[in-house]
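Colleague: I have the model open at my desk and keep meeting words I would like to pin down. Please take me through the reasoning behind them.

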Amino acid sequence: MTTINAHGGTLINLYAEGDALLQEKEKAQSNRSWDLTQRQMFDVELLLNGAFSPLTGYLNQADYDSVVDNIRLADGTLWPMPINLDISQAFADDTSIGDEITLRDPEGVVIANLLVTDIWTPDKEREAENVFGTTDTTHPGVRILLNENHPVYVGGTLTGVTPPLHYDFSQYRNSPAEMRQGFADKGWKNVIAFQTRNPIHKAHVIMMKRLMARNQANLVIHTAVGRTKPGDIDHFCRVRCYEKILPHFPADSVDIRLLPLAMRMGGPREALWHALIRQNFGFTHFIVGRDHAGPGRNNLGGLFYGATEAQELVSSLQDELNIQILKAPFLRYVEGRGEFCEEHELLSGEAGLYISGAELKHMLCHGEDIPEWFAFPEVVQELNRTLPPRSKQGITLFFTGLSGSGKSTLANGVMVKLRELGGRHVSLLDGDVVRKNLSSELTFSKEHRDLNIQRIGYVASEISKNGGIAICAPIAPYATTRRAVRSLIEEVGVFVEIHVATPIEVCEARDRKGLYAMARDGKIKGFTGIDDPYDEPENPELRIDTSQHTMTDAVDLVIERLREMKLIG
């Protein structure tokens, strides 16, 4: 087996065996249970199989504080990312230090038992600022931390009972111990890990071949298949694309393996985390890319992290790592030479061509031809299966505005017009109708309003995922909830936010039920626009004031915008 040491010196394995396993299963029958979220399932799998060595469970508070402040555990060991079980306040109120909790998957299967050593309410703003360098919720890691995760953290030691079950690509899934044994069986002594959450194209292949030759190494495409950046191409398509490129390498020199990692998109800290994880899997080398694990652009339009910031951080800690860090060269295609060149190889006047992942997705969605210099035809063909032109993709039209703004009338008109045009199934999820049929037990508290919008978003995502058009027309007053729905939809289709920006004075004048008057008299509490806020969308795809247009014209404006976006023919 590979001789590279796991991080911390020992490869952790937290799974019980034999009589100890039987005892853990018996204890689980009487323990209180916590049902793990999807993200938590990815974390616990890598904790149990040793990918997060030297961790033996969730960080205690001292380790958490040290990681947040210093990228190290309390004993000084490098560790850049907080790994804690976040739980609800209600569950925390019934939990004490010394309790044992059974962690179950969404189907109720016992995954592990957790002995609680610490319970605390973290300062998430501090965590966001220190770990991600920002509290800007356009950063997906920050948004999840501040708006999605539960408020209380638990630390404690884990004992594994049942490995999480995966049905997809089982031939590519290995624990760190299995991966190390596989390298030994193949006689691979130097092995490079290539982290990716995107398809691989010609420049990537050339870059990998160069690094393999320079380091006399084999290579594994060790792709993240847990939670990645919202809007990423799904891992099913990506893995099929990776299979297509293997013939472009020398036989038996490159392999594919899957890493069930819930990425935080944490840039420099995440790059270091990725390197430590690959060291635990037995890799000898790890490629750190430009803007490694960067989440894209912030609310000012700039990048969250510098292009080489991740490479610089990880390289500066090379002496504390047992894995060799390789900086990915940035390649551009030079038409005049018909080849890819690194930046330092470009001659005066040669700019070189480059297509980013976002640009590629835009081209695929708009049915544009992908240049032959950029991608292998068989990969493009596979991508087209998953990302058809936008005119064939599922869509969610999300109308938001004050009560009486005209959004329901407008949504109905757009629904009828789209049905007239044909080509997709169209479903209307009106706020009042959803309240009656899907959320009748909910009140109008902020928590329940959010839950109602989340339910609408879930149904809309299922419609969009299957190629239909979902039209939603709730008030949806809170920006954070609308952003969460956008993220959910954009994983499977196209999200179009339409702000029906009719002034509140007009809305009140239209109010046949007298709700605004009752709200101003204090007879209705928490009424949006009166004593409860409405967060106006900052950058909707379309903004319409129905007091300035006839409803027929407003419907035409929506249809025209959809044509401009190439969502309909």
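Modeller: Gladly. Helices here are DSSP runs of at least four residues and strands are runs of at least two, numbered from the N terminus. Please keep in mind that this is a predicted model. By that definition, residues 57–58 qualify as strand E2, and proline 54 is found in the loop between helix H2 (38–48) and E2.

Colleague: What makes the bond between serine 53 and proline 54 stand out?

Modeller: Its omega is about 15 degrees, and the bond is cis. Most peptide bonds are trans.

Colleague: How many helices and strands does the protein chain have?

Modeller: There are 20 helices and 18 strands.

Colleague: And why is the chain called as compact as a globular protein of that length?

Modeller: The globule rule gives 25 Å for 569 residues, and the radius of gyration is 26 Å, close to that value, so the description fits. Along its principal axes the C-alpha trace spans about 75 × 70 × 40 Å. Buried residues account for 54% of the chain.

Colleague: What makes you say that strand E7 is largely enclosed?

Modeller: Buried means under 20% relative accessible area. Six of the six residues of E7 (residues 191–196) are buried, so the rest of the structure largely encloses this strand. Val191, Ala193 and Gln195 point one way, while Ile192, Phe194 and Thr196 point the other way.

Colleague: How do you know that E7 and strand E8 pair?

Modeller: Pairing takes at least two bridges. E7 has six bridges to E8 (residues 218–224), so the two count as paired, and they run parallel. In this pairing, valine 191 stands opposite asparagine 218. Between E7 and E8 the chain passes through helix H8 (residues 202–215), in a right-handed β-α-β crossover.

Colleague: What makes E7 and strand E10 a pair?

Modeller: Three bridges join E7 to E10 (residues 285–288), in the parallel sense, and the cut-off is at least two, so this also counts as a pair. Phenylalanine 194 has isoleucine 287 as its bridge partner in E10.

Colleague: Why is isoleucine 71 called buried?

Modeller: Its relative accessibility is 16%, under the 20% cut-off, so isoleucine 71 counts as buried. The residue sits in the loop between helix H3 (61–70) and strand E3 (85–87). Its phi is positive, about 50 degrees, although it is not a glycine. Most residues other than glycine have a negative phi.

Colleague: Is glutamine 216 buried or exposed, and how do you know?

Modeller: Exposed means over 50%, and glutamine 216 has 65% relative accessibility, so this residue counts as exposed. Glutamine 216 lies in the loop between H8 and E8, and its phi is positive too, near 50 degrees.

Colleague: What makes threonine 134 a buried residue?

Modeller: Threonine 134 has 13% relative accessibility, which is under 20%, so it is classed as buried. Its place is in the loop between helix H5 (124–132) and helix H6 (140–148). A polar atom of its side chain lies 2.9 Å from the backbone nitrogen of aspartate 136. Beyond its neighbours within four places in sequence, the contacts of threonine 134 include His139, Val142 and Phe304.

Colleague: Which residues of helix H12 are buried, and what helps to cover them?

Modeller: In H12 (residues 357–365), the buried residues are Leu360, Met363, Leu364 and Cys365. Their cover includes helix H13 (377–386). Glycine 367, with a positive phi near 70 degrees, follows H12.

Note on methods: Residues are numbered from 1 along each chain as its sequence is written. This is a predicted model: local features need pLDDT of at least 70, side-chain atom pairs count only at pLDDT 80 or more; totals for chains, interfaces and linings use all residues. Side-chain values use heavy atoms; hydrogens and water are left out. Buried means under 20% relative accessible area, exposed over 50%, partly exposed in between (1.4 Å probe, protein chains only). A crossover is right-handed if, with the strands pointing away from the viewer, the path from the first strand over the helix to the second runs clockwise. The radius of gyration is taken over C-alpha atoms; the globule rule is 2.2 Å times the number of residues to the power 0.38. A polar contact is a pair of N or O atoms within 3.5 Å; within protein, one must be able to donate a hydrogen and the other to accept it, and residues adjacent in sequence count only if both atoms are side-chain atoms. Contact means heavy atoms within 4.5 Å.
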